[in-house]
Amino acid sequence: MTNANDYKWRRDKDGMGVWEHRGKVAIVGQGHSPVDRRWDGVSMDKTLGAYSMLACQKAMDEAGVTADQIDGVICCDSHIAGPSGGSASKWAPRPYFAPPYDSEWGLTLVNAQWLIKNMGLKNVKFAPTGLPTISEMVGMAAQAVGDGLCTTCLMIYPCGNLEGRYRRGGENADDYAKGARQWTVPWGNHGGNDFINIFPHEQYCRKYGGQHDDLAPFVINQHKNGMLTPWGFNATHGIDPITVDDYVNSRFILRPLRIWDCDRPVQTSTALLFTTADRAKDMKQKPVYVLNHNQYNFKKRSTQESLDEIELWTDTAAKRMYEGAGLQPKDVDIFNPYDGYSIMTQFYLEAFQWHGVKRGDALKFYAGDISVKGPHPFSSSGGNLGTGRTRSAMYTDSIEQLRGTAGARQVTVRAETALAAFTTPSNGGWIMLGKHPS
Amino acid sequence: MPKLIPVADESSKPFWDAVNAKRLLLQHCGACNKLQYPPQATCQKCNKGDQLTWKEVQGKGHIAAAITIEDGRLNRRMADMPYNLAMVTLDEDPSVNFYANLPGTPPYKVPVGAAVEVTFEEVAPGQLIHEWRVV
């Protein structure tokens, strides 16, 4: 099978111009498995593998595509409560189960090869290995279809969570700090997006004015939007939206980071179906077109990312995206940035200047009307904070907003373009979607 | 509880050997006149490795930002919580930064912006780590 490293698919440089496949690739199906808090270790119909196959089937059914039509499968191995789970995450209950769950595969790990075998996908000709996360996989799927490596491509993002795994055990239980961890864990930084962003966030508040708890309106709005997302964890588990009092009285994790600033690790899987714009015309769903994708892997100067680095990186990401899509900030209707920790979202909002928000303006913007029915329906997906750590709500909400099928979340402003991402400030990527191909 | 013990590798051994001798030694690129930490195989700026040498620095810095770890995940540090985690910039090159627990400064009392100086703390017999203390 093709290795991702062998295929030059990334759009990760300045000055690449408008994407050569702009409007020629479409998303025609999406599927979510249920979103559970954890796998119970018993229910074989709720494993990460079973949920990934279910998500694929839903995406195919939505598009009206059969298994024999699938010729591309893009799936990273797994993310058990996030890669920062590290060695603590990758162990399933022992002894293993009957096939296909007789190893870690299907339990803590899922990839294209496992799905092809267990779903009986017989006509797959493109199934790369060694893949990164959803933010880059959506770009790879779009590029692969545009380049003609496949025509009907499933992109799957398995995101698992097993009892007792979340950052517990493994290297976090070790007495020693090896490799890159020798520079961080002796002082207490065990890694993750929370540590990456909390220091720049603290610098942000001092540079521009404002307090950490000024994030409360944003976090609360994410919970509200999450309750309007029927498949999400909050909606399916009756999680009451939080109040300002709840937020400002909640416990700290990395003070000033509070528990409500953190997303909830879940057991789920999401699939998206990409095809050519031409083929999309014959499918069941109204196509949503890919207008651009981009990626980046910025290297920090030293041990800890600083605010000025993050502002530079996110500015660069925004510039590349707008250039490749041939659009400007004023052209973007739906904006679904990553919120896996609430403390980073302002960096993206200001870099992309959505609805005119400039550096230092985000906390004031959050204090205004950002509801889905208002003039600035920011993060209409509810993100990870509102749906659980699916890392996919940003994409599926964008698709539904452009289709006009977002239900109670449907915005009342124009919905013809959408920007979505799961990304850290330094690593990941964005995708720009359009209701129309041009 | 003691802090986690760093394990030196080929690229970091000169650094940790110096720390164990209570000296702070950083990589320096002769071509770029740039300090670099953590150590890497090549200069981050010019991407060359042939002019990287080790240079002792004064160990003076400032606190750029700080948080308090109240719910961390490191078994070895559980009993320490809550504890400070600060980002310290080096005065000789503020683009170089370090983590610090700021021994002597109580949690929630970190004077962001204050001057600090390097100190050394034993985490295992014969193994020191570099820490920073408010001056």
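Biologist: How many residues of chain B are in contact with chain A?

Modeller: This is a predicted model, in which local features need pLDDT of at least 70 and side-chain atom pairs count only at pLDDT 80 or more, while totals for chains, interfaces and linings use all residues. Residues are numbered from 1 along each chain as its sequence is written, and chains are lettered from A and ligands numbered from 1 in the order in which they are written. Taking two residues to be in contact if their C-beta atoms, placed from the backbone, lie within 7 Å, 30 residues of chain A meet a set from chain B that numbers 34 residues.

Biologist: Which element gives the largest share of the side of chain B that touches chain A?

Modeller: Helices (H or I, at least four residues) and strands (E, at least two) are DSSP runs, numbered from the N terminus. The elements of chain B that give two or more residues to this side are β1 (5–6), β5 (60–69), β6 (83–90) and β7 (93–100). The largest share, six residues, comes from β7(B).

Biologist: How many residues on the side of chain B that touches chain A are nonpolar?

Modeller: Here Ala, Val, Leu, Ile, Met, Phe, Trp, Tyr, Cys and Pro count as nonpolar, Asp, Glu, Lys and Arg as charged, and the others, Gly among them, as polar. On that side of chain B, six residues are charged and eight are polar, and the nonpolar ones number 20.

Biologist: In β5(B), which residue is the bridge partner of Leu254(A)?

Modeller: Two strands pair if DSSP finds at least two bridges between them, and β6 of chain A (residues 252–255) pairs with β5(B) in the antiparallel sense over two bridges. In β5(B), the bridge partner of Leu254(A) is Ile69(B).

Biologist: Which residue in the turn between β2(B) and β3(B) has a positive phi?

Modeller: Strand β2 (residues 25–29) of chain B pairs in the antiparallel sense with β3 (residues 34–36) of that chain over three bridges, and Cys29(B) has Lys34(B) as its bridge partner in β3(B). The two strands form a hairpin with four residues between them, and the turn residue with a positive phi, of about 55 degrees, is Asn33(B).

Biologist: What is the radius of gyration of chain A?

Modeller: Chain A has 13 helices and twelve strands. The radius is taken over C-alpha atoms, and the globule rule is 2.2 Å times the number of residues to the power 0.38. For 438 residues that rule gives 22 Å, and the value for chain A is close to it, so chain A is as compact as a globular protein of that length, with a radius of gyration of 20 Å.
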